[in-house]
Amino acid sequence: MVGEPLFDRLCLLGIGLIGSSIARVAKQRGDLARTIVAHARSAATLDRVRELGIADVVEPDAAKAVEGADCVIFCVPVGAYAGLMKVVAPHLAPGCIVSDVGSTKGSVVRDLLPLMPPGTHLVPAHPMAGTEHSGPDAGFAELFDGRYTMITPIPGGDPAAVEKIAEFWRRCGSMVETMDPVTHDKVVAIVSHLPHLIAFTICSTADDLAEETKEAVLKFAAGGFRDFTRIAASDPTMWRDVFLNNREALLEMLGRFVEDAHALGRAVRWGQAEYIEDRIQRGRKIRRGLIERHQA
Ligand code: NAP
């Protein structure tokens, strides 16, 4: 038996990997929302969502999409938030909870909070789950299973709205944690944004090599390089926006990384075997920790 839905009308602004995964869980469970409304920019995406049958209403006009919704979730690249919010803010229903899934949180508060109409509630969130694929076909209902979702509540915000979004993510299969946006942005800078920056860089460095070497790189790409290419296959718009909207924390982590990489390089140059081994051991320890926490 399906329990009482958390929301009456759930509007997903953006229906790519994350938005369509939410829509799929909502359809499958039946206790997240009575009606699922999906909005995207392009006719192609909207047509595909209709074909997939993962939303009850497919709405090309963002302002119309949010009308009457008691929950609106931004599932677009973080660089698109400010423009989209200007369009939808005047149409938000009284009491509406506005949430999101963006990979940065400071920028989300900066771009959404000032435009929130009185009587509506902003609850920023970030499901720490994803793949390198994008678009409505990439989503799947199990994406959030056993993965963390970070909620960064607005100081002085409505605790009932925060609890509803927490319950929403628990029903999606997530483990929920709360955090302030500054800490969130630092944590994701090291665990997600810097690794992507390194992957994009390593692939473009390989691409810069002479033609024959490149062939060899592709031919012999085993473990290490191949793992980087998976991460580097991620969506350019999404990642451009993440880098530009988590500038400070990302540059801080990059600075530390470059220092540490130089130190390891120096140890290699001077044959400091013990230092090198210690760094490798620390890597192994982190990997073991992830496996023990079932996050590998
Ligand atoms: P995606 O698969 O590329 O989908 C993006 C969706 O947003 C598409 O439906 C796109 O519509 C729509 N869109 C883009 N700009 C828009 C605009 N100005 N107005 C209306 N719709 C617009 O992206 P995603 O991977 O789901 O990422 C969505 C959000 O989730 C991002 O903020 C990202 O930071 C966050 N996130 C991503 C991951 C991940 O691993 N991918 C993980 C956690 C969080 P069209 O198809 O019509 O262009």
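A polar contact here is a pair of N or O atoms within 3.5 Å. Keep that cut-off handy for the exercises below, and remember that this is a predicted model.

**Exercise 1.** Work out which backbone and side-chain atoms of I15, T45 and V76 make polar contacts with the ligand.

*Solution.*
- Start with I15: a backbone N or O atom of this residue sits 2.9 Å from a ligand oxygen, and the cut-off is 3.5 Å.
- Next, T45 uses its side chain, with a polar atom 2.6 Å from an oxygen of the ligand.
- Then V76: a polar backbone atom is 2.7 Å from a ligand oxygen.
- To round this off, the ligand has 900 Å² of accessible area on its own, and the protein covers 87% of that.

**Exercise 2.** Describe the shell around the ligand: how many residues, and of what kinds?

*Solution.*
- Count first: 26 residues surround the ligand, and the closest are R41, S42, T45, V76 and S103.
- Now sort the shell by type, which gives 13 nonpolar, 12 polar and 1 charged.
- For elements, look at α1 (17–29) and β7 (125–127), each supplying at least two shell residues.

**Exercise 3.** Find the largest nonpolar core and see what W169 touches.

*Solution.*
- The largest core holds 41 residues, and L12, I22, F144, I165, F168 and W169 have the most contacts inside it.
- Elements giving this core two or more residues include β1 (7–13), α1 and α6 (159–171).
- Skip neighbours within four places in sequence, and W169 is in contact with I22, V101, A125, P127, F144, T149, S174 and V176.
- Another core lies apart from this one, with 25 residues, among them C11, V72, Y81 and V109.

Conventions. Residues are numbered from 1 along each chain as its sequence is written. This is a predicted model: local features need pLDDT of at least 70, side-chain atom pairs count only at pLDDT 80 or more; totals for chains, interfaces and linings use all residues. Side-chain values use heavy atoms; hydrogens and water are left out. A residue is near a molecule or strand if one of its heavy atoms lies within 4 Å of it. A polar contact is a pair of N or O atoms within 3.5 Å; within protein, one must be able to donate a hydrogen and the other to accept it, and residues adjacent in sequence count only if both atoms are side-chain atoms. Accessible areas come from the Shrake-Rupley method with a 1.4 Å probe; for residues, only the protein chains shown count as cover. Helices (H or I, at least four residues) and strands (E, at least two) are DSSP runs, numbered from the N terminus. Ala, Val, Leu, Ile, Met, Phe, Trp, Tyr, Cys and Pro count as nonpolar, Asp, Glu, Lys and Arg as charged, and the others, Gly among them, as polar. A nonpolar core is a set of buried Ala, Val, Leu, Ile, Met, Phe, Trp, Tyr and Cys residues joined through side-chain atoms within 4.5 Å. Buried means under 20% relative accessible area, exposed over 50%, partly exposed in between (1.4 Å probe, protein chains only). Contact means heavy atoms within 4.5 Å.
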